[in-house]
Amino acid sequence: MTDLTKPAARPDNPRFSSGPCAKHPGFSLTDLSDAPLGRSHRAAPGKAKLKAAIDRTRAVLGVPDDYRIGIVPASDTGAYEMAMWTMLGARAVTMLAWESFGAGWVTDVVKQLKLDADVRTADYGALPDLTIAPDRDICFTWNGTTSGVRVPNADWISDDRTGLTLCDATSAAFAMDLPWPKLDVTTFSWQKVLGGEGAHGVLILSPRAVERLESYTPAWPLPKIFRLTKGGKLIDGIFKGETINTPSMMAVEDYLVALDWAEGLGLSGLVARADESARHVWDFVETRDWIANLADDPATRSTTSVCLKFTDADLPDDFAKRVAKRLDAEGVALDIASYRDAPAGLRIWCGSTVEPSDVAALLPWIEWAYHAERAAA
Ligand SMILES: Cc1ncc(COP(=O)(O)O)c(C=O)c1O
């Protein structure tokens, strides 16, 4: 008989969503009272906040001084689309996709920009072939949030490349080390690893990306919110906090407060928290024969969006959903069913704002829910 007794300990915070992700420990709405609400974002206080967000992002992430950092509209999607629409088409491009967000970038490049791309895809759990000629542009996602598969490193990107690398790092930035010399365009949103709000994207450009912007004009029209140059020159203000259109100063304040917390830990501390949480899940999975990591190769396992599958052959299609629902009903885990386009399973966000002790406390509940659901079937 399997013990169906509920575990005694519960996670203090049941929020394991992969986005928006848990607020940082100790967060309170009252921390946002310094937001310059009802003022122009172009007035001195607002501009100073936006510039601080840029400068402090650079400091925490270790972004080189000669890279530009801009705050742009429409969250990570806005930042990444802006990069693709302004920079692609100058050279041959290889599109890499191994889960749904990467697949979305492929769709836009092939169907909207109509580029004759070299498209390389892999099933959920795997990576495509990463051998790519150095004269090609490359679009990829550092951490595939919906499959829990990340690139193990950037050794496959040539130091002597002439093409640009466009990296969607939204579920990696602040939780994984990003090798800046290998990345020409990097994007992320505040709602992921720092537990901030949606709305704005961050766009980080290497000097070579700026050179592309200033030397190449795409054949297609660009809406105002995508335009990064004027008269063939980079619009400098965007990278000093003069946003293209009106930002949410509440979201900016929230990001600054998250940065206060992040600065206390430093990048290595932020990375270590995600590593510790992911390790709890990996160790749990290792010692159970009914659940497995979706990522095939341990070297590619995400430490933020840890994706799991139930391995029994005789499970009903909605088994994972029912387990997730049971955990939600118990109030021990919210939003951990796998992404709608991904294989059935669980996805546990282990990004830096999540307490590793909460992940550890959740795991016996997953075991309980698995057995309870099997017994109920
Ligand atoms: C890898 C990846 N890219 C893009 C997005 C879209 O991000 P946003 O909704 O912040 O634009 C997400 C969101 O989950 C993601 O995980």
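In the predicted model, Arg91 is located in the loop that runs between α2 (75-87) and β2. This residue has 15 C-beta neighbours inside 10 Å and therefore counts as partly exposed, since a residue is termed buried only if 20 or more other C-beta atoms lie within that distance, and exposed if 12 or fewer do. Once residues up to four places away in sequence are set aside, Arg91 touches Asp135, Arg136, Asp137 and Gly163. The C-alpha atom of Arg91 is separated by 9.5 Å from that of Thr162, although the two residues are 71 places apart along the chain.

The strand that follows this loop, β2 (residues 93-97), pairs with β4 (residues 137-141) in the parallel sense over three bridges, and Val93 stands opposite Asp137 in β4. Both strands belong to an open sheet of seven strands, in which the order is β1-β9-β8-β7-β4-β2-β3 and the pairing is mixed. The edges of this sheet are formed by β1 (68-73) and β3 (118-121), each of which has a single partner strand, so that one side of each is left without a neighbour in the sheet. On average, and with direction ignored, neighbouring strands are turned by 15° against each other. Helix α1 (residues 44-61) packs on the sheet, where it touches β1 and β9 (200-205), and the direction of the helix makes about 130° with that of β1.

A second open sheet consists of three strands in the order β12-β13-β14, with antiparallel pairing. Its edge strands are β12 and β14, each of which pairs on one side only, and neighbouring strands are turned by 30° against each other on average, direction again ignored. Strand β12 (residues 291-293) is joined to β13 by three bridges in the antiparallel sense, with Ala292 opposite Lys309 in β13. On the other pairing, β13 and β14 run antiparallel and are joined by four bridges, and Leu308 stands opposite Leu346 in β14. Strand β13 (residues 305-310) is mostly covered, five of its six residues being buried.

Helix α7 (residues 356-376) comprises 21 residues, which at 1.5 Å a residue should span 30 Å; the end C-alpha atoms are 30 Å apart, so the expected and computed spans agree. The buried residues of α7 include Leu362, Trp365, Ile366, Trp368, Ala369 and Tyr370, together with the acidic residues Asp358 and Glu373. Among the elements that cover the buried residues of this helix are α5, α6 (319-330) and β14 (346-349).

In soluble globular proteins, nonpolar side chains tend to be buried together. The largest nonpolar core of the model has 108 residues, and those with the most contacts inside it are Ala83, Met84, Cys139, Leu346, Ile348, Cys350 and Leu362. Helix α5 (residues 249-286) gives the most to this core, with 14 residues, and the core draws at least three residues from each of domain 1 (29-255) and domain 2 (267-376). Beyond its neighbours within four places in sequence, Ala83 is in contact with Leu166, Val185, Thr187 and Leu203.

The domain assignment of the protein chain gives domain 1 (29-255) and domain 2 (267-376), and the C-alpha centres of the two lie 28 Å apart. The contact between them takes 27 residues from domain 1 and 25 residues from domain 2. On the side of domain 1 that touches domain 2, α1 and β6 (149-150) each supply at least two residues.

Some backbone geometries remain to be described. Most residues other than glycine have a negative phi, and most peptide bonds are trans. Ser75, which is not a glycine, nevertheless has a positive phi of about 60°; this residue is placed in helix α2 and is buried, because 23 other C-beta atoms lie within 10 Å. Asp335, likewise not a glycine, has a positive phi of about 65° and lies in the loop between α6 and β14, where 17 C-beta neighbours inside 10 Å make Asp335 partly exposed. The peptide bond from Gly19 to Pro20 is cis, with omega near -10°, and Pro20 lies in the segment before α1.

Methods: Residues are numbered from 1 along each chain as its sequence is written. This is a predicted model: local features need pLDDT of at least 70, side-chain atom pairs count only at pLDDT 80 or more; totals for chains, interfaces and linings use all residues. A nonpolar core is a set of buried Ala, Val, Leu, Ile, Met, Phe, Trp, Tyr and Cys residues joined through C-beta atoms within 7 Å. Domain bounds come from an automatic or database domain assignment. Two residues are in contact if their C-beta atoms, placed from the backbone, lie within 7 Å. Two strands pair if DSSP finds at least two bridges between them. Axes are lines fitted to C-alpha atoms, for helices over the stretch in contact, and angles run from 0 to 180 degrees between N-to-C directions. The expected span of a helix is 1.5 Å times one less than its number of residues.
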